[in-house]
Amino acid sequence: MRADAQRNAEKLRAAAAELFQERGLKVPLKEIARRAGVSHGTLYNLFGTREALIDEVVAGLAADRLGEAAEQALSFEKAGEGFAYYIERVCELQATDPAVADVISGRFPAAECLMAICGRTKDAATRIIERAQLAGAVRPDFTAEDLLLFFGTNALLARAVADTAPDAWRRQVAFLLTGLSTEPAQEPLSVAPLAPQQMYEVMGRLAGTP
């Protein structure tokens, strides 16, 4: 690659990393090119597809963050606490990093590295769930598919309330963990419910989410 092409590729990687983390993986490629200060055609010439750019820019970071969450969860002496930590940590990543939220959704099947991360995330979730179930801390009929579906709905919720109630997802996670626990809840929830107007705004945004 020529020196000027290398410089343009670095600009595009940096711009893509910023915009993906700000707005998720569906941000228009033209905006990435504009922020990088290059033409739309230059982006396509250097990377070819959105999926290739995603794999190069996002996959490694997402793998590190999700892998670290799973590793930490499995390090807990009490499996039930590790299970709770994992769900809370992944949901927090979804709420604070739109790119990670999109990674877990598996919405880009042509991005091979990204799909491999999705597979590893499911495998890790299965280990964490089964470990907690063997310890008698989580009801036995909960599966990794159930958890990934919850992550998908949490990503939508976190995005819908980002401006109005950025911690609302924590309340939903608390309800999930209470419902899955084999022990009765001991403490009240720490996050208040949405106000009626907030709730209607959020429902409207979720209904309009593709």
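**Close-up views of an all-helical predicted model**

Asp141 has a relative accessible area of 46% and is therefore partly exposed.

**View 1. The salt bridge between Asp141 and Arg139.** In this predicted model, the side chains of Asp141 and Arg139 form a salt bridge with an N to O distance of 2.7 Å. Arg139 has a relative accessibility of 39%, so Arg139 also counts as partly exposed. This pair is one of the salt bridges in the structure, which holds 12.

**View 2. The overall fold of the protein.** The protein has 11 helices and 0 strands, and its pattern along the sequence reads α-α-α-α-α-α-α-α-α-α-α. Taken along the principal axes, the box filled by the C-alpha atoms is roughly 65 × 40 × 20 Å. Of the 210 residues, 39% are buried. Among contacts between residues at least 6 apart in sequence, 66% join residues at least 24 apart. The accessible surface comes to about 11,400 Å², and carbon and sulfur atoms account for 52% of that surface. The protein carries 23 positive and 28 negative side chains, with 7 Å between the centres of the two sets.

**View 3. The surroundings of Arg50 in helix 4.** Arg50 belongs to helix 4, which spans residues 50–57. Arg50 is buried but has no salt bridge. The nearest side chain of opposite charge is that of Glu51, at 5.8 Å. A polar atom of the Arg50 side chain lies 2.8 Å from the backbone oxygen of Leu25. Apart from neighbours within four places in sequence, the residues in contact with Arg50 are Phe20, Leu25, Lys26, Val27, Pro28, Leu29 and Phe108. Leu25 thus appears both in this list of contacts and as the residue whose backbone oxygen lies 2.8 Å from a polar atom of the Arg50 side chain.

**View 4. The packing of helix 4.** The buried residues of helix 4 are Arg50, Leu53, Ile54, Asp55 and Val57. These buried residues pack against helix 1 (3–23), helix 2 (29–36), helix 3 (40–47), helix 5 (59–75) and helix 8 (112–134).

**View 5. The salt bridge between Arg13 and Glu10 in helix 1.** The side chains of Arg13 and Glu10 meet in a salt bridge, with an N to O distance of 2.5 Å. The two residues are 3 apart in helix 1, so about one helical turn separates Arg13 from Glu10. Residues three or four places apart in an α-helix point the same way, because the helix has 3.6 residues a turn. Arg13 counts as partly exposed, at 22% relative accessibility. Glu10 likewise counts as partly exposed, at 49% relative accessibility.

**View 6. The salt-bridge network that includes Arg89 and Glu92.** Arg89 and Glu92 both lie in helix 6 (residues 79–96), where they are 3 residues apart, about one turn of the helix. Their side chains meet in a salt bridge with an N to O distance of 3.1 Å. Arg89 counts as partly exposed, at 27% relative accessibility, and Glu92 counts as partly exposed, at 27% relative accessibility. Salt bridges link Arg89 and Glu92 with Asp167 and Arg170 in a network. Side chains of opposite charge can pair when their charged atoms come close.

How values were computed. Residues are numbered from 1 along each chain as its sequence is written. This is a predicted model: local features need pLDDT of at least 70, side-chain atom pairs count only at pLDDT 80 or more; totals for chains, interfaces and linings use all residues. Side-chain values use heavy atoms; hydrogens and water are left out. Helices (H or I, at least four residues) and strands (E, at least two) are DSSP runs, numbered from the N terminus. Buried means under 20% relative accessible area, exposed over 50%, partly exposed in between (1.4 Å probe, protein chains only). Contact means heavy atoms within 4.5 Å. Accessible areas come from the Shrake-Rupley method with a 1.4 Å probe; for residues, only the protein chains shown count as cover. Lys and Arg count as positive and Asp and Glu as negative; His and the chain ends are not counted. The place of a charge is taken as NZ of Lys, CZ of Arg, CG of Asp or CD of Glu. A salt bridge is a side-chain nitrogen of Lys or Arg within 4 Å of a carboxyl oxygen of Asp or Glu. A polar contact is a pair of N or O atoms within 3.5 Å; within protein, one must be able to donate a hydrogen and the other to accept it, and residues adjacent in sequence count only if both atoms are side-chain atoms.
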